[in-house]
Amino acid sequence: MPRRSLTRAVPIVAVVFGVGASLLAAQGAPAKNPLEGDPAAIKAGMGIFRARCADCHGVDARGVRGPDISRVWAEGRTDSGLFQTLRTGVPNTEMPSVGARTSDVEVWQILAYVRTLAAPGPADPPRGNAENGERVFRANCASCHRVNGKGGRLGPDLSRIGAARARDAIVNRIVGAAEGSRPGYEPVTVTPPDGQPIHGVKKNEDLFSVQIMDSRERIQGYEKDKMKAVQDDKKSAMPPFGSDRLSQSDLDDVVRYLQGLRGFDPAVKQ
Amino acid sequence: MRATIDRCLRIAGLAVLVGAAVVAAQQAPPAQVSEQEILDGLKADGSRWLTFGGDYANQRHSPLTSLTPANVNRLVPQWTFQTGTLGNFETTPLLRDNVLYVTGPQNVAWAIDARTGRQIWRYRRELPPNLTACCGLVNRGFGVLGDKLFMTTLDAHLLALDMKTGAIAWDATLEDYKRGYASTLAPLVVKGKVIVGVAGGEYGIRGFLDAYDAQTGKRAWRFYTIPGPGEPGHNTWSGDSWQRGGAGLWVTGAYDPELNLLYYGTGNPGPDYHSDSREGDNLYSCSLVAIDADTGKIRWHYQFTPHDIHDWDATEVPVLADLTIAGQARKVVMFANRNGFYYTLDRTNGKLILAKPFVLTTWAKQIDSDGRPHLEPGHVPDEKGEITCPDITGGTNFWPPTYDPGSRLFFVNAREVCAMFYAWKPDYKEGERFTGGAAQRVTGSDTKAIGALRAIDPVTGERRWQFEYLSPSTAGLLSTASGLIFSGDADGNLLALDSRSGKLLWRYQMGATMHGTSPITYMLDGRQHVLVPAGTTLTAWAIPAP
């Protein structure tokens, strides 16, 4: 997939070839990435991306704890808009600004590299019924996942999931094909000396203590030496929803619903 | 609810392994924070600290007695938490169910495991780059009710955060920050409403106190600290000066549930020093206002400094108590003011019971029987400058005092500092500084600036004892029923003193001053802890377990 994008980008190289540094230094971001397709820029951008972005967005830009950014162009974002996003960060999320020490050239290099990872627009037309999907979600998911301020807190808040994950990533997570849990949601069992095991998800941990949200949503810290056992659980707190639990059409519906979740505006209208 | 929990467990896949027996064994999470818990204040079991002043009276006096003057020197640190952000704490942390809820500078906030100091969640607000908030990008703490925490922001919003995750539940706009409004105080939660005010007295704002529905974030009422046209007190401002007269509200007030009154101290009028444009008393600047908690209507006011020209905000912490004065039971509010006077007022009607300087005051030596200061000549700032005591920071300021109902003593960190005050005519430009002058601490061989922790008898206004610091402290206080006071000096020392004598019992160099912060205390796993915000750190102290 990345290769295909790269070849598609080649003709543009000719257009921007020869753009000098003086242009890059000009005030305001140009509408198009002046370094798109430039092999040296792509190589430099790869280094910066892997060092500073891949932790959250994944080495393949398909998203880990941060969003899938391989489809941003397919979804209609522009080079100059993305440049601004990197410059300012995304308010109220973990996405920081690249910082003043990162030059405009470096920002364009990052984008030139990400462009090579970009996926084409979705081939399949959207399918599923979001309205029924919301019903399916309320019945099966909402006790652990929050959307727009409603629902459980044991699992991640999904209010932005449609902007953060591609369709296949959402599907894989639901059917149990995705491995592991993101930080803050790893399953753990704490056994006090005189009580039954407490199951929950891990919010923080060091050598001596662990902080969890238990399955009844109590947040609490425990000192390891005072517990009988503190054990990481292998199974995700999220159960797989295979075809035995969710029909193909319900799956399509719930995914369609999730794809429409683009963020929660908590602003109070007075 | 029950069904939801069961389903949650089933879906979580945890029950698959462990079965229903375990479900019952999971310790039930505590009920949501109730209004009764806040009303109850600091309980003898020491299990919580749920509002800025510990209780609605703002006494900051803990009933805990495990730590005593005899054993306080055995305190050792349990952990230290570092903010990792620029700027210093001015916060009062809250504690419930062994979890601390703490706001920091730049509107960063945390839930922290009180046992270990480890972070459970962190919230960070993206602040606009052109923020004009005066006097530090600080915050003074959370309010709490139900499953929500409430925090004011430097861009003049009020946020409700989910206590369990730090996620925003709602976000209400107080005012446009671009016009000089900001908010830094800890919200006070009263009868399902979140009470907040705005800072910005140096930016030509018109101050107000707001109440928001804790569930929805909808505004219930607004009280302007500067009366509009047709309202009583409007004629205490000449021309249109009321529109940008300041009188911000940036320190949490007190609440009397029986009288259903909120008590808030208001900020300085603007421009701060050059006052030709605002002839009159400038109500309700530099006042204590008593506000009906249901309606936001003013019941009474007492103006400490009519027509202030020295930037002496009355944004100190009001403290409520019931006293016997001249054989009569009196409901009072105690107030040590930036202008250098200590006041005891009748909180049912705002009448002055007594007022007495607690530091050197050169601008007025006494408060007359009509409640107004008897002004001394020659204390009007001009371009050449005039020397007045106290200085701009004042005899005290926003750092919290305490009151010990056992010994009936009011404790406050006082400053003995004088300043040269200057004034010149300012031009108003929206969102820009609008002070019309400046002040500079007077230094010289015959003028030493010192500070002292002072114990004041609120019935007589007399000083019972003092503990003198090398230089003026800006730390808040905590007192306990066992006779301890925790304070900080200007040099980074955390101090424990005997509250009956003022004798120093124990000290520790924190490496940063407790600027505007008070320690809090609570019981954790059977041991009394003292939590100290200082600089960029929070440190928890306790006597080691046997």
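**Notes on chains A and B**

1. A good place to begin is a pair of residues facing each other in chain A: A:Val210 has A:Tyr222 in β6(A) as its bridge partner. Please keep in mind while reading that this is a predicted model. The two strands involved are β5 (residues 209-214) of chain A and β6(A), which pair in the antiparallel sense over 5 bridges.

2. That pairing belongs to a wider arrangement. In chain A, β6-β5-β4-β3-β7 is the order of an open sheet of 5 strands, with antiparallel pairing. At its edges are β6 (219-223) and β7 (229-232) of chain A, each of which pairs on one side only. On average, neighbouring strands of this sheet are turned by 40° against each other, direction ignored. If a reminder helps, the strands of a sheet pair through backbone hydrogen bonds, in either a parallel or an antiparallel way.

3. Stepping back to chain A as a whole, you will find 10 helices and 7 strands. Of its 270 residues, 37% count as buried. Among the contacts in chain A with a separation of 6 or more, 64% come from residues 24 or more positions apart.

4. Two of the chain A helices deserve a look together. Helix α5 (residues 79-88) of chain A packs against helix α6 (residues 104-117) of chain A at an angle of about 120°, and their axes are 10 Å apart. How should the relation of α5(A) to α6(A) be described? They are oblique to each other, because an angle of about 120° falls outside the 65 to 115 range for roughly perpendicular and is not over 145, the mark for roughly antiparallel. The crossing in which α5(A) passes α6(A) is right-handed.

5. Which residues bring these two helices together? From α5(A) come A:Asp79, A:Leu82, A:Phe83, A:Leu86 and A:Arg87, and they meet A:Val107, A:Ile110 and A:Leu111 in α6(A). These are handy side chains to display when you inspect the packing of α5(A) and α6(A).

6. Next comes a loop residue. A:Asn129 sits in the loop between α6 and α7 (130-140) of chain A. Is A:Asn129 buried or exposed? It counts as partly exposed, because it has 16 C-beta neighbours inside 10 Å, and 20 or more would be needed for buried, 12 or fewer for exposed. Leaving out residues up to four places away in sequence, A:Asn129 touches A:Asp253 and A:Arg256. A:Val255 is 126 residues apart from A:Asn129 in sequence, yet the two are 8.9 Å apart in space, C-alpha to C-alpha.

7. Turning to chain B, the domain assignment gives domain 1 (1-30) and domain 2 (31-542). The C-alpha centres of domain 1 of chain B and domain 2 of chain B lie 44 Å apart.

8. Strand β13 (residues 193-197) of chain B is mostly covered, with 5 of its 5 residues buried. B:Val194 and B:Val196 point one way from β13(B), while B:Lys193, B:Ile195 and B:Gly197 point the other way, and all are buried. Do note that B:Lys193 is on that buried list.

9. What runs alongside β13(B)? Strand β12 (residues 188-190) of chain B is joined to β13(B) by 3 bridges, and the two run antiparallel. Strand β14 (residues 208-213) of chain B is joined to β13(B) by 5 bridges, again antiparallel. B:Val194 is a useful landmark here: B:Val189 stands opposite it, and so does B:Tyr212 in β14(B). In the hairpin of β12(B) and β13(B), 2 residues lie between the strands, and B:Lys191 takes a positive phi near 50°.

10. Chain B also has an open sheet of 4 strands, in the order β16-β17-β18-β19 with antiparallel pairing. Its edge strands are β16 (254-256) and β19 (298-303) of chain B, each pairing on one side only. Neighbouring strands of this sheet are turned by 20° against each other on average, direction ignored. Between β18(B) and β19(B), which run antiparallel, there are 5 bridges, and B:Val289 stands opposite B:His301 in β19(B).

11. One last loop residue: B:Asp276 lies between β17 (261-265) and β18 (287-292) of chain B. B:Asp276 counts as exposed because it has 11 C-beta neighbours inside 10 Å. B:Ser238 is 38 residues apart from B:Asp276 along the chain, and their C-alpha atoms are separated by 9.0 Å.

Methods:
Residues numbered from 1 in each chain as written. Chains lettered and ligands numbered in written order. Predicted model: local features only at pLDDT ≥ 70, side-chain atom pairs only at ≥ 80, totals over all residues. Pairing = 2+ DSSP bridges. Domains from an automatic or database assignment. Axes fitted to C-alpha atoms, helices over the stretch in contact; angles between N-to-C directions. Parallel < 35°, antiparallel > 145°, perpendicular 65-115°, else oblique. Left-handed = near helix turned anticlockwise from the far one by under 90°. Contact = placed C-beta atoms within 7 Å.
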